[in-house]
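Could you walk me through this complex? Here it is, ready for a closer look.

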2 protein chains.
Amino acid sequence: MEKMERKKANSLDVAKLAGVSQASVSRAFSPGSSISPANKEKILKAAKQLNYVPNAMARALISNQSNCIAIVQPIASNPYFYSKVLQELLNLLQAENQRVVLFSQDDKGVDDILPIIDQYQVDGVIMASANIDAKLINQYVNRGIEFSFINRHVPNVYASSICTDNKQAAKDIVKYLANKGHKTFACIAGDGKASTAIDRVAGYREQIESMGLCDLGVIYDAFSVEGGVNGFNKLKEQGKALPDAIVCGNDEVAIGVINAITQSTKLIVGKDIAITGFDDIDAASWPTYGLTTMRQPLKALCELTVTDLLSRIRNQDTEPSQKSIPGELVIRQSA
Amino acid sequence: MEKMERKKANSLDVAKLAGVSQASVSRAFSPGSSISPANKEKILKAAKQLNYVPNAMARALISNQSNCIAIVQPIASNPYFYSKVLQELLNLLQAENQRVVLFSQDDKGVDDILPIIDQYQVDGVIMASANIDAKLINQYVNRGIEFSFINRHVPNVYASSICTDNKQAAKDIVKYLANKGHKTFACIAGDGKASTAIDRVAGYREQIESMGLCDLGVIYDAFSVEGGVNGFNKLKEQGKALPDAIVCGNDEVAIGVINAITQSTKLIVGKDIAITGFDDIDAASWPTYGLTTMRQPLKALCELTVTDLLSRIRNQDTEPSQKSIPGELVIRQSA
DNA sequence: CTGAAAGCGCTAACAC
DNA sequence: GTGTTAGCGCTTTCAG
């Protein structure tokens with residue numbers, strides 16, 4: 001394969017070939033511009049011949065709009081759920097002709113990513129990460145970047161946030177378990193610093209208390225299968241009797257707990273002990289797990305986030321909004 | 001939260017505040033430029049005060065380098081493996097101060113994505129998708145975009161490709177199973193159009209034949225858990241006896257097969273029938289599956305891809321290369 | 001509807 | 001080492 005050298009065509013090249021001015025070429029590629037159909041056709045033909053596409057960088061520079069959205073992903077946490085969120089957001093944004101620039105939140109946190117995002121003139125940022133300094137965000141808001149948080153509430157920030165109603169969802173789980181006759185509970189909550197975990201634990205505790213049930217303790221560990229295994233081991237090491245039901249912070253934790261129970265006890269999940277998850281990832285429905293779980297309204301979450309963000313970008317007067325969506329209890333064999 | 005209006009600072013603003021020329025500001029932000037330490041310090045201080053960061057769009061426009069890499073993802077296929085690949089690539093590229101622009105291959109195929117990528121002046125493209133028209137790619141290569149394929153061999157294209165040695169890996173799996181005494185085989189291969197599936201099936205058939213073993217058939221379906229379930233059902237419907245061993249196209253397929261076996265037969269996986277996977281996704285090691293599988297050298301694959309691509313971008317004389325890396329057989333209970 | 005001209009923010013010669 | 005100047009490719013007034 002030889003590598004031939006040929007320069008990329010620009011709008012002037014197209015203009016010359018089509019016998020029009022460079023400005024007309026620009027108009028031919030800007031929907032809504034006033035240009036005669038005849039000229040437009042000539043230009044489009046010339047452009048095709050030269051494989052011309054407008055340079056998005058130059059366009060962004062002059063028009064102050066890049067059609068790029070940054071997505072900031074939490075590193076490695078809850079990969080099954082967030083990879084679906086990412087895929088869904090990507091599809092929605094791609095359909096709206098927006099580019100997605102992906103950022104992974106590294107150890108240092110978001111503070112180092114924001115200046116980089118700032119360099120690239122993105123129109124908006126979708127954050128799936130927590131622990132952000134409100135002042136920092138507001139500084140970028142002032143430069144015209146719109147922010148949206150998915151599944152995170154961040155106070156005092158000029159940004160939208162679209163969440164599952166985590167607290168209510170946790171209450172519903174406890175209610176369901178109590179109605180099935182379970183009396184003693186424990187919670188293996190995941191990462192205690194994540195706002196999702198905080199909200200879910202709050203709902204768990206509130207509901208336990210209001211129904212006069214017995215809480216054997218809330219255990220924090222990673223939002224992962226391994227975190228579930230560790231969490232269950234910590235629970236056993238407490239020396240108390242095991243609870244009737246374990247409410248887990250997400251499905252991966254629940255899978256870890258089930259793995260641990262299968263390996264280190266004789267209990268039958270769903271019969272001797274109830275386990276619930278959160279998210280409804282694919283593996284939750286695999287027959288070996290059959291996890292009763294709180295499904296997050298993933299599509300709705302993503303759709304709301306994207307439409308809200310784009311409408312704020314397109315109409316700068318639109319105010320950010322805070323929305324929450326109820327989860328949906330999916331009942332299988334584990335509880 | 002009020003939204004104050006304040007303009008983003010540019011290099012001229014910084015220059016004025018620091019009392020130097022605009023060009024000096026540019027130099028202060030370009031490593032390797034000749035600038036006096038005193039001036040640099042003044043400039044950096046002024047920049048900090050104004051929250052200045054260089055505009056990457058303008059920079060890309062003039063220097064013809066965007067520091068952006070496009071990653072094209074296959075839509076929805078093998079999400080567990082490719083989401084890890086994406087995460088790994090992202091981390092590596094982010095560490096090299098490269099931006100990642102993500103594209104999902106939609107129904108129409110890659111042909112529609114390439115012109116969009118072209119607009120954004122990316123320096124390179126990493127493709128995890130197949131079915132590409134070589135001529136089309138070469139057209140973009142001529143504009144100075146470097147291409148790399150991960151886990152795909154595409155002939156007649158001026159691009160690198162870094163693959164697991166899929167054919168050899170499949171042969172190794174069959175060899176391992178044969179050495180354990182298995183005589184009759186079937187293969188539930190995944191998507192027959194994917195080059196990975198084609199290579200693995202070729203290795204499977206070659207090894208079966210060379211060892212004089214019995215192949216009950218190769219079945220194609222999706223590279224998913226459901227595809228595995230379907231594949232196993234098709235196998236049963238053939239009416240023949242079931243094989244001693246089923247070689248699956250990837251771990252998700254294998255998990256589907258195990259799910260189907262658990263639900264619809266009395267066979268014990270790993271005792272009555274051997275099942276193997278490919279990839280070594282997280283779930284492969286969960287105790288309920290304990291999948292014997294061919295681990296793909298994910299980190300090596302990604303590292304080679306990134307270093308190769310960046311070196312070609314940084315030194316335009318570097319030729320693309322074709323590399324393949326051996327897989328690693330991970331033995332668990334399923335076979 | 002169309003062309004000429006200005007300029008988005010930056011880098012890279014080029015002089016000094 | 002530093003300032004001046006000329007564009008990168010585009011959109012957008014402004015005349016006509």
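How far does a backbone N or O atom of Asn55(A) lie from a phosphate oxygen of DNA strand D? The distance is 3.0 Å, which counts as a polar contact (a pair of N or O atoms within 3.5 Å; within protein, one must be able to donate a hydrogen and the other to accept it, and residues adjacent in sequence count only if both atoms are side-chain atoms).

## Before we start

This is a predicted model, in which local features need pLDDT of at least 70, side-chain atom pairs count only at pLDDT 80 or more, and totals for chains, interfaces and linings use all residues. Residues are numbered from 1 along each chain as its sequence is written, chains are lettered from A and ligands numbered from 1 in the order in which they are written, and side-chain values use heavy atoms, with hydrogens and water left out.

## DNA strand D

DNA strand D is surrounded by 25 residues, where being near means that a heavy atom of the residue lies within 4 Å of the strand. The closest are Ser11(A), Ser26(A), Arg59(A), Arg27(B) and Ile62(B). Of the strand's atoms that come within 4 Å of the protein, 60% belong to sugar and phosphate.

Besides Asn55(A), a polar side-chain atom of Arg59(A) sits 2.5 Å from a phosphate oxygen of this strand, and a polar backbone atom of Ser36(B) is 2.6 Å from one. Helix 2 and helix 4 of both chain A and chain B each give two or more residues to this surface; helices are DSSP runs of H or I with at least four residues, strands are runs of E with at least two, and both are numbered from the N terminus. Helix 2 of chain A gives the largest share, four residues.

## DNA strand C

Around DNA strand C there are 24 residues, and Ser34(A), Ile62(A), Ser11(B), Ser26(B) and Arg59(B) come nearest. Here sugar and phosphate make up 62% of the strand's atoms within 4 Å of the protein.

Phosphate oxygens of DNA strand C lie 3.1 Å from a polar side-chain atom of Ser34(A), 2.7 Å from a backbone N or O atom of Ser36(A) and 2.4 Å from a side-chain N or O atom of Ser26(B). On this surface, helix 2 (22-28) and helix 4 (56-63) of each of chains A and B supply two or more residues, and the largest share, four residues, comes from helix 2 of chain B.

## How the two chains relate

A turn of 180° with a shift of 0.0 Å along the axis lays chain B on chain A with an RMSD of 0.1 Å, superposed by least squares on the C-alpha atoms of residues with pLDDT of at least 70 in both. That is the relation of a two-fold axis. The same surface serves both copies, as 100% of the contact residues of chain B recur in chain A; contact means heavy atoms within 4.5 Å. In chain B, the residue closest to the rotation axis is Val101(B), with its C-alpha at 2.2 Å.

## Two backbone spots to check

Asp280(A) has a positive phi, near 65°, although it is not glycine. Asp280(A) lies in the loop between strand 9 (274-279) and strand 10 (292-295) of chain A, and at 17% relative accessibility it counts as buried (under 20% relative accessible area, with exposed over 50% and partly exposed in between; 1.4 Å probe, protein chains only).

Asn64(B) also has a positive phi, near 60°. Asn64(B) falls in the loop between helix 4 and strand 1 (68-73) of chain B, and with 47% relative accessibility it counts as partly exposed.
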